[in-house]
Each structure stands twice: as structure tokens, then as C-alpha cells.
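Hi everyone, thanks for making time. I'd like to walk you through a structure that you probably haven't seen before, so have a look at it while I talk.

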Amino acid sequence: MGLRSAANRWSEVHSAGGPHARWGSSMVYDAATGTMILFGGLFGSYDGSSRLNDTWEYDPTTGTWKNLSPVRSPSTRGYASMVYDSATDKVILFGGFAGSDGLLGDTWEYDHTANTWNRLIPGPADPPRRDFSAAVYDPRADTTILFGGLTGNAGNVDGTLLNDTWRRP
């Protein structure tokens, strides 16, 4: 079973012991481990008051979830951008929505080997805080591209649409 069947259709994978129900989480494929990494998200009411900052690993070969319980993690959030950087074998997370705490503009790096998230030191020209942005890692250019999203005091409720492009070497 999996995402590609003979008819190229979705099929539900049943697994026990997975993450809490949620929306607005971030998930990427970790090529170094052959697993998917899921971070955070929201649950409960739409105001984002119920947020998560847990990190889970999904193994598609066994169909099992594992709570990684990292040594250190980013604060609770939903709608963060996340990519897998194949040059460093690390997961990069940017921004997100923190409910009444507003939008975030921090960058974190997950090291699977050490099972820890490390906050990257902010620079003077980092992207402004946002949620709902899109990000992709280009291994040929060894760079991450971040595009758009929403910004403003109210975050995803009444934000300003962005169409800016940012590059992280």
C-alpha cells in the first residue's frame, strides 16, 4: 500500500499510536533516514489557542509513527514552513502562527542524529514574521527559497498577503 497504486490513487494507511489529531502542521521527507518528519500544528478552536510543538517520525516502509521527543524544540505553532536540506541532512523550519502570541519569524534546524532542534541566530536581513508561506530546498543550488505568506498582528485571521521571495544559502 502507499500513495502510488496501479490506478495512481490515494489509499488510507492504518497505523496505531500516531500523533494527536491536528491541522496546520508541517511535514517533510527526510532522505537521510527514509522517514517523514512532522512538527507541531493546531487543534481545538480556530483561534490557535491550542498549539503543539511535538516532533514525530513516520516510517513509510513499516507504516508506523514514533514520537521523537527532542531534547529541545521550537515553541508551539501552526502553519510554519519546513524543508529538508539534503546538503546538511537537517530539517529547516521557519515562522508560523502562535495564536495570541502572533506570528513568528524564527528559523530552526532539526538534527535527527542528535534529536534536537537548534534555533539559528537571526540576521539583520531575515524575512519578517509570517505564516502560510511556501518553502522548497533546491539541492543543485544548495539553497532554500521561501515565498509569500501572511503577515500582520492578527496572523491568519486578518493578515496582509505577501509576495516576497527570500533565499537562504
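I'll start with the overall picture, then go to the sheet, the salt bridges and a few single residues.

One thing up front: what you see is a predicted model. So, what is this protein built from? Counting secondary structure gives 0 helices and 11 strands. If you read along the sequence, you get β-β-β-β-β-β-β-β-β-β-β. The radius of gyration is 16 Å, and the globule rule gives 15 Å for 169 residues, so the protein is as compact as a globular protein of that length. If you box in the C-alpha atoms along the principal axes, you need roughly 45 × 40 × 35 Å.

A bit on the inside and the outside. Of the 169 residues, 42% count as buried. The surface that the protein exposes comes to about 9,300 Å², and 54% of that is supplied by carbon and sulfur atoms. Then there's the question of who touches whom: among contacts with a separation of 6 or more, 46% are between residues 24 or more positions apart.

Okay, on to the sheet. Four strands form an open sheet, and the order is β1-β2-β3-β4, with antiparallel pairing. Which strands sit at the edges? Those are β1, residues 26–30, and β4, residues 64–67, and each of them pairs on one side only. From one strand to the next, the twist averages 25°. Let me zoom in on one pairing here. β1 and β2 run antiparallel, with β2 covering residues 35–42, and 5 bridges join the two. If you want a spot to click on, take Y29, whose bridge partner in β2 is M36.

Now the salt bridges. Side chains of opposite charge can pair when their charged atoms come close. How many are there in the whole structure? A search finds 5, and I'll show you three of them, including one that reaches back to our sheet.

That one is D54 with R22, where the side chains meet at 2.8 Å, N to O. D54 is in strand β3, residues 51–59, while R22 is in the segment before β1, so to speak two distant parts of the chain, 32 residues apart. Buried or exposed, what would you guess for D54? D54 has 17% relative accessibility, so it counts as buried. R22 counts as buried too, at 18%.

Next, R77 and D106. Their side chains form a salt bridge at 2.7 Å, N to O. Again the pair links distant parts of the chain: R77 is in the loop between β4 and β5, D106 is in strand β7, residues 103–111, and the two are 29 residues apart. R77 is buried, with a relative accessible area of 1%, and D106 is buried as well, at 9%.

The third pair is R130 and D164, whose closest N and O atoms are 2.7 Å apart. R130 lies in the loop between β8 and β9, and D164 lies in strand β11, residues 160–168, so the pair ties together parts that are 34 residues apart in sequence. And R130 counts as buried, because its relative accessibility is 0%.

Let's go back to β3 for a moment, since E57 lies in that strand. E57 is buried, with a relative accessible area of 12%. What is E57 in contact with, leaving aside neighbours within four places in sequence? The contacts include T33, T35, M36 and I37, plus T64, W65 and K66, and also H112. For a sense of distance, the C-alpha atoms of E57 and W10 are separated by 20 Å, and these two residues are 47 apart along the chain.

Last stop: backbone oddities. Most residues other than glycine have a negative phi. Which residues go the other way here? One of them is F132, which isn't a glycine but has a positive phi of about 60°. F132 is found in the loop between β8 and β9, and it is partly exposed, with a relative accessible area of 38%. Another is D142, with a positive phi near 50°. D142 lies in the loop between β9 and β10 and is partly exposed at 35%.

That's my tour, so over to you for questions.

Methods: Residues numbered from 1 in each chain as written. Predicted model: local features only at pLDDT ≥ 70, side-chain atom pairs only at ≥ 80, totals over all residues. Heavy atoms only, no water. Pairing = 2+ DSSP bridges. Axes fitted to C-alpha atoms, helices over the stretch in contact; angles between N-to-C directions. Rg over C-alpha atoms; globule rule 2.2 N^0.38 Å. Buried < 20%, exposed > 50% of the residue type's maximum accessible area, 1.4 Å probe, protein only. Contact = heavy atoms within 4.5 Å. Areas by Shrake-Rupley, 256 points an atom, 1.4 Å probe, with all protein chains shown as cover. Salt bridge = Lys/Arg side-chain N within 4 Å of Asp/Glu carboxyl O.
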